[in-house]
Amino acid sequence: MKLLASPLSPYTRKVRIVLAEKRIECELEMVDVAPAENPVNRYNPLGKIPTLVLDDGTALYDSRVIVEFLDNVSPFSRLIPDDKRDRVFGRLVRLQQARDRDSGGAGLGLPLARALARAHGGELVAEPSTAGARFRLTLPVAEA
Ligand SMILES: N[C@@H](CCC(=O)N[C@@H](CS)C(=O)NCC(=O)O)C(=O)O
């Protein structure tokens, strides 16, 4: 895993803080994004840093995406504490800026899903996960 970075970039510093907090080993490659043919273009069409290049060549960019990925790589020093995970069930809560109204998210799906589960005597909870979101739905067995 390699982070294309610059010491002057605040977004790079944010990612480096997360790497340090979570004690994730990562190669750093300092790059200059000023030239038109900057070395980041090969991995990121926006040519911006930070860009994280995974061992299989997959490139992740935008510091928010990188930070969320890193938080899921290791459960150590969780950025979103387990006891705050229930926040996703709050009405009109959208945790990622990328998931705004234009992309269809109103922050109502999960509270409605939980309300429906509870209306049927069940429960919907968010669980820890190392790969994306994970939910557990329990419903009572209907009596015949
Ligand atoms: N939203 C991006 C912003 C990244 C960004 O603007 N990086 C600057 C350096 S701090 C950059 O690469 N600028 C070069 C350019 O825009 O061509 C993030 O959070 O990663």
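Which residue in β4 is the bridge partner of Val53? In the predicted model described here, the bridge partner of Val53 in β4 is Ala59. This pair belongs to the contact between strand β3, residues 51-53, and strand β4, where three bridges join the two strands and the strands run antiparallel.

The overall composition of the chain is considered next. The chain contains three helices and six strands. Read from the N terminus, these elements follow the order β-α-β-β-β-α-α-β-β. The chain has 144 residues, of which 15% count as buried. Among the contacts between residues at least 6 apart in sequence, 44% join residues that are at least 24 apart.

Four of the strands form an open sheet with the order β2-β1-β3-β4, and the pairing within this sheet is mixed. The edges are taken by β2 and by β4, which covers residues 59-61; each has a single partner strand, so one side of each is left without a neighbour in the sheet. From one strand to the next, the twist averages 25 degrees. The pairing of β3 with β4 is antiparallel. By contrast, strand β1 (residues 2-5) and strand β2 (residues 27-30) run parallel, joined by four bridges. Within this parallel pair, Leu3 has Leu28 of β2 as its bridge partner. Between these two strands the chain passes through α1, and the resulting β-α-β crossover is right-handed. In a regular strand, side chains point alternately to one face of the sheet and to the other.

The surroundings of the ligand were then examined. The ligand is surrounded by Ser9, Pro10, Tyr11, Val33, Gly47, Lys48, Ile49, Pro50, Asp62, Ser63 and Arg64. Sorted by character, the shell holds five nonpolar, three polar and three charged residues. Two helices, α1 (10-21) and α2 (63-73), each supply at least two residues of this shell.

Two shell residues, Ile49 and Pro50, are joined by a cis peptide bond, with omega at about 0 degrees. Pro50 is placed in the loop between β2 and β3. Another member of the shell, Asp62, is placed in the loop between β4 and α2. The phi angle of Asp62 is positive, at about 85 degrees, although Asp62 is not a glycine. Asp62 has 17 other C-beta atoms within 10 Å and is therefore partly exposed.

A positive phi is also found at Arg23, a residue other than glycine, where the value is near 55 degrees. Arg23 lies in the loop between α1 and β2. Is Arg23 buried or exposed? Arg23 counts as exposed, because 9 C-beta neighbours lie inside 10 Å and a residue with 12 or fewer falls in that class.

The later part of the chain offers further examples. Helix α3, residues 109-119, includes Ala113. With 14 other C-beta atoms within 10 Å, Ala113 is partly exposed. Ala113 and Phe89 are separated by 24 residues in sequence, and the distance between their C-alpha atoms is 8.8 Å.

Strand β5 covers residues 123-126 and includes Ala126. Ala126 has 18 other C-beta atoms within 10 Å and is partly exposed; 20 or more would be needed for a residue to count as buried. Which residues does Ala126 touch, not counting residues up to four places away in sequence? On that basis, Ala126 touches Arg85, Asp86, Val88, Ala133 and Phe135. Leu137 is eleven residues from Ala126 along the chain, and the C-alpha atoms of the two are separated by 9.0 Å.

Thr138 lies in strand β6, which covers residues 135-138. Thr138 counts as exposed, because 10 C-beta neighbours lie inside 10 Å. When residues up to four places away in sequence are not counted, Thr138 touches Gly122 and Glu123. Thr138 and Gly122 are 16 residues apart along the chain, whereas their C-alpha atoms are separated by 5.2 Å.

Technical notes
Residues are numbered from 1 along each chain as its sequence is written. This is a predicted model: local features need pLDDT of at least 70, side-chain atom pairs count only at pLDDT 80 or more; totals for chains, interfaces and linings use all residues. A residue is near a molecule or strand if its C-beta atom, placed from the backbone, lies within 6 Å of it. Ala, Val, Leu, Ile, Met, Phe, Trp, Tyr, Cys and Pro count as nonpolar, Asp, Glu, Lys and Arg as charged, and the others, Gly among them, as polar. Two residues are in contact if their C-beta atoms, placed from the backbone, lie within 7 Å. Two strands pair if DSSP finds at least two bridges between them. A crossover is right-handed if, with the strands pointing away from the viewer, the path from the first strand over the helix to the second runs clockwise. Axes are lines fitted to C-alpha atoms, for helices over the stretch in contact, and angles run from 0 to 180 degrees between N-to-C directions.
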